[in-house]
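Visitor: I would like to learn how the words used for a protein structure are justified. Could you take me through the reasoning step by step?

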Amino acid sequence: MRILVVEDEVDLARTLHTGLTAEGYSVDLAHDGRQGLWMARTGEYALVVLDLMLPGLNGYKICAQLRREGNATPILVLTAKDGEWDQAEALDTGADDYLAKPFSYLVLVARLRALARRSATAVPPVLAVGDLSLDVAGRVCRRAGVRVDLTPREFAVLELLARRAGQAVSKGDLLHHAWPDEAYDPNLVEVRVSSLRRKVDTAFGRQSLQTVRGIGYRLVDDRERE
């Protein structure tokens, strides 16, 4: 089972890596918030262990962004912030469990096992627009049953369009979704949409990704016109 640990205290992160590896987990480490969000999006992790006070992007924002994207990976917050308001905010923004530092390693492992058991019965969300489908948890895109390889940014853009299928989505909304707290250049969206068109439309002789003049883009089931 693969786990992502997002922790900026390098010594603690290494200790967790050693201990969890000994428990049989495959462990990846991230030491700042933006790296952690990026890895949580692109890696197929069974669990995420997340600190709250991180450089770049805090744990609250990471939780909220992952949940907005439909990422259902269980998140265990592991932090020195142990106030009841801190716990409530973490859980309300998307965390599944909360453990304050200093913590019992025995309890940490037990809670990870419990989260893994609960998530094993969950059904990953799949978004479908016509014959185009997105497995949000697995980060897999298919058209007419054929897998289409997308970059993480392309997937994020297409995911928001799929969630609002048939609606015009502004470049600003797409930018905020795919580049949270990182960039403000609409040209980034245009480049990704152009690439998406080649991969999910042109390659299949389709026209489902439409431009809405003066606003942004729209994803539709173009089979209705056939």
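Guide: Please keep in mind from the start that this is a predicted model. We can begin with a cysteine, C141, which has its place in strand β8, residues 140-143.

Visitor: Why is C141 called buried?

Guide: A residue counts as buried when its relative accessible area is under 20%, and C141 has a value of 2%, so the word applies to C141.

Visitor: Which residues does C141 touch, if we set aside those up to four places away in sequence?

Guide: Contact needs heavy atoms within 4.5 Å, and by that criterion C141 touches L132, S133, L134, V146, R147, V148, L150, F155, L158 and V200. A separation can also be given between C-alpha atoms: those of C141 and E159, which are 18 residues apart along the chain, are separated by 9.4 Å.

Visitor: What makes β8 part of a sheet?

Guide: Two strands pair if there are at least two bridges between them, and β8 is joined to β9 by three bridges, with the two strands running antiparallel; therefore β8 and β9 count as paired. One of the bridge partners is easy to find, since R143 is matched in β9 by V146. The whole sheet is open and has four strands in the order β6-β7-β8-β9, with antiparallel pairing.

Visitor: Why are β6 and β9 said to stand at the edges?

Guide: Each of them, β6 (126-129) and β9 (146-148), has a single partner strand, so one side of each is left without a neighbour in the sheet. Neighbouring strands of this sheet are turned by 25° against each other on average, with direction ignored.

Visitor: Which helices lie across β8?

Guide: Helix α6, residues 152-163, lies across β6, β7 and β8, and runs at about 115° to β7. Helix α8, residues 186-201, lies across β7, β8 and β9, and runs at about 55° to β8.

Visitor: How do you know that the length of α8 is close to what is expected?

Guide: The 16 residues of α8 reach 22 Å from the first C-alpha to the last, and the span expected at 1.5 Å a residue is also 22 Å. The buried residues of α8 are V189, V193, S195, L196, V200 and D201.

Visitor: What is unusual about A144 in the loop between β8 and β9?

Guide: Most residues other than glycine have a negative phi. A144, found in the loop between β8 and β9, has a positive phi of about 55° although it is not a glycine.

Visitor: Where is there a cis peptide bond?

Guide: Most peptide bonds are trans, but a cis peptide bond joins K101 and P102, with omega at about -10°. P102 is found in the loop between β5 (97-100) and α5 (105-120).

Visitor: Which strands form the sheet with parallel pairing?

Guide: That open sheet has five strands, in the order β2-β1-β3-β4-β5. Here β2 and β5 stand at the edges, because each has a single partner strand and one side of each is left without a neighbour in the sheet. The twist averages 20° from one strand to the next.

Visitor: How do you know that β1 pairs with β2 and with β3?

Guide: The requirement is at least two bridges, while five bridges join β1 to β2 (residues 26-30) and four bridges join β1 to β3 (residues 47-50), so both pairs qualify. Among the partners, R2 stands opposite S26 in β2, V6 is matched with A30 in β2, and L4 is matched with V48 in β3.

Visitor: Why is β1 called mostly covered?

Guide: Strand β1 spans residues 2-6, and four of its five residues are buried. Together with helix α1 (residues 10-22) and β2, strand β1 makes a right-handed β-α-β unit.

Visitor: What makes T79 in β4 a buried residue?

Guide: T79 lies in β4, residues 75-79, and has a relative accessible area of 1%, which is under 20%, so T79 is buried. Apart from its neighbours within four places in sequence, T79 is in contact with D51, L52, Y98, L99, A100 and K101.

Visitor: How many disulfides does the structure hold?

Guide: A disulfide is a covalent bond between the sulfur atoms of two cysteines. The structure holds zero disulfides. C63 is buried, because its relative accessible area is 1%, under the 20% limit.

How values were computed. Residues are numbered from 1 along each chain as its sequence is written. This is a predicted model: local features need pLDDT of at least 70, side-chain atom pairs count only at pLDDT 80 or more; totals for chains, interfaces and linings use all residues. Side-chain values use heavy atoms; hydrogens and water are left out. Buried means under 20% relative accessible area, exposed over 50%, partly exposed in between (1.4 Å probe, protein chains only). A crossover is right-handed if, with the strands pointing away from the viewer, the path from the first strand over the helix to the second runs clockwise. Axes are lines fitted to C-alpha atoms, for helices over the stretch in contact, and angles run from 0 to 180 degrees between N-to-C directions. A disulfide is a pair of cysteine sulfur atoms within 2.5 Å. The expected span of a helix is 1.5 Å times one less than its number of residues.
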